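Hi everyone, thanks for coming along. Let's put the structure up and walk through it together.

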Amino acid sequence: MVAVHAFDTFLAERRISVRLDEPLGPYTTMKVGGPADYFVEPHSAEELAAAIEAARDCNLPVRLLGSGANLLIRDEGVRGVVVRLTHLNRRDGLHVEAGYNFAKLVKETAAEGLGGLECLAGIPAQVGGAVRMNAGGRHGETADAVKYVDVLSPDGALRRLKKNQVGFRYRGTNLGDAVVLAVGFDLRPAEGIRERYEEVLGQKKSTQPLGTHNAGCMFKNPPGGHAGRIIDECGLKGLRVGSAHVSEKHANFIENDGGATAADILGLVERIQARVPQPLELEVLVW
Ligand code: EPU
């Protein structure tokens, strides 16, 4: 407890505001889960670095929360520190800070006639989260449009990584404990970008349960297959545990009807995994 007290004191001394026992459900699209012991929204890279250093000195784990669109928080919540880059949200041309709304960026750049991100229309994320997990879909992935990534390294140094130093792969990177601060995008003026954006967004709206409480696709697509199709072919649409059910619109989505707990959702995940003929790995992060 001494160490925990020191974390509070350290942040207070630097006038970095911290909230205690902050419920995290409202910060996620699934809308479930318990509180974080400490919730910090730094106003600068320096404040972020100071908070991370203080947490390390106090032996508190640190987690970065983005838009919470690919995340399930357990009912007991998370111990240690949760950081959200809400205030690092500026866009200067194609240099965009990590807390910037990714769907907004995709929409804006398409409206500007810049090609490269239009195939990612409608992905709910912050820029930092989209890059860290290399968000994408059948038309492309975030990595395709990245030029460089500015990070706060675990040793406290600020570094600019070229695209080939980020280690992009299917729904992942090699960024480890480095925190994405900003991203430089490589976008070029091109014809038909707005139209393509509208087309991709329309497809997404017609095949996915947008507007309900869900965390996007629950499972990664296995090599050569589609988790949604596999779950659907097992007849599992509508399968329910408590207030969570497999979406009728897209079987790789689990929807929270309103009162679902994380235990409901994880229980449903287990039931799906037990019924499909091949292993399905979670795409959604569980904290
Ligand atoms: N399908 C079914 N039943 C279903 C759902 C899908 O038979 O209930 C079939 C479709 O008819 C289609 C195939 O499965 O033939 C693939 O479906 P879809 O086009 O929806 O693509 P997906 O592989 O299921 C991927 C991404 C999505 C992304 C879409 C569109 C993954 C795990 N999923 O879905 O990403 O939006 O492509 O680009 O990579 C996410 O990552 O959270 C996510 C939603």
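Let's begin at the ligand: a polar side-chain atom of R229 lies 2.7 Å from one of the ligand's oxygen atoms. I call that a polar contact, a pair of N or O atoms within 3.5 Å; within protein, one must be able to donate a hydrogen and the other to accept it, and residues adjacent in sequence count only if both atoms are side-chain atoms. Before we go on, please keep in mind that this is a predicted model, where local features need pLDDT of at least 70 and side-chain atom pairs count only at pLDDT 80 or more, while totals for chains, interfaces and linings use all residues. Residues are numbered from 1 along each chain as its sequence is written, and side-chain values use heavy atoms, with hydrogens and water left out.

Back to the ligand. The side chain of Q208 has an N or O atom 2.8 Å from a ligand oxygen, and for R171 that distance is 3.0 Å. On its own the ligand has 820 Å² of accessible area, and the protein covers 80% of it; these areas come from the Shrake-Rupley method with a 1.4 Å probe, and for residues only the protein chains shown count as cover.

Which residues come nearest? Of the 21 around the ligand, they are R138, C217, H226, R229 and E283, where "around" means a heavy atom within 4 Å. By class, that shell has five nonpolar, nine polar and seven charged residues. Here Ala, Val, Leu, Ile, Met, Phe, Trp, Tyr, Cys and Pro count as nonpolar, Asp, Glu, Lys and Arg as charged, and the others, Gly among them, as polar. Helix α6 gives the most to the shell, with three residues. Helices (H or I, at least four residues) and strands (E, at least two) are DSSP runs, numbered from the N terminus.

Now for two asparagines. Most residues other than glycine have a negative phi. N59, however, has a positive phi, near 60°, and N134 has one near 50°. Are they buried or exposed? N59, in the loop between α2 and β3, is exposed at 70% relative accessible area. N134, in the loop between α4 and β9, is buried at 0%. Buried means under 20%, exposed over 50%, and partly exposed in between, with a 1.4 Å probe and protein chains only.

Last stop, T28, which sits in the loop between β1 and β2. T28 is buried too, at 2%, and touches S67, G68, L71 and I73, not counting residues up to four places away in sequence; touching means heavy atoms within 4.5 Å.
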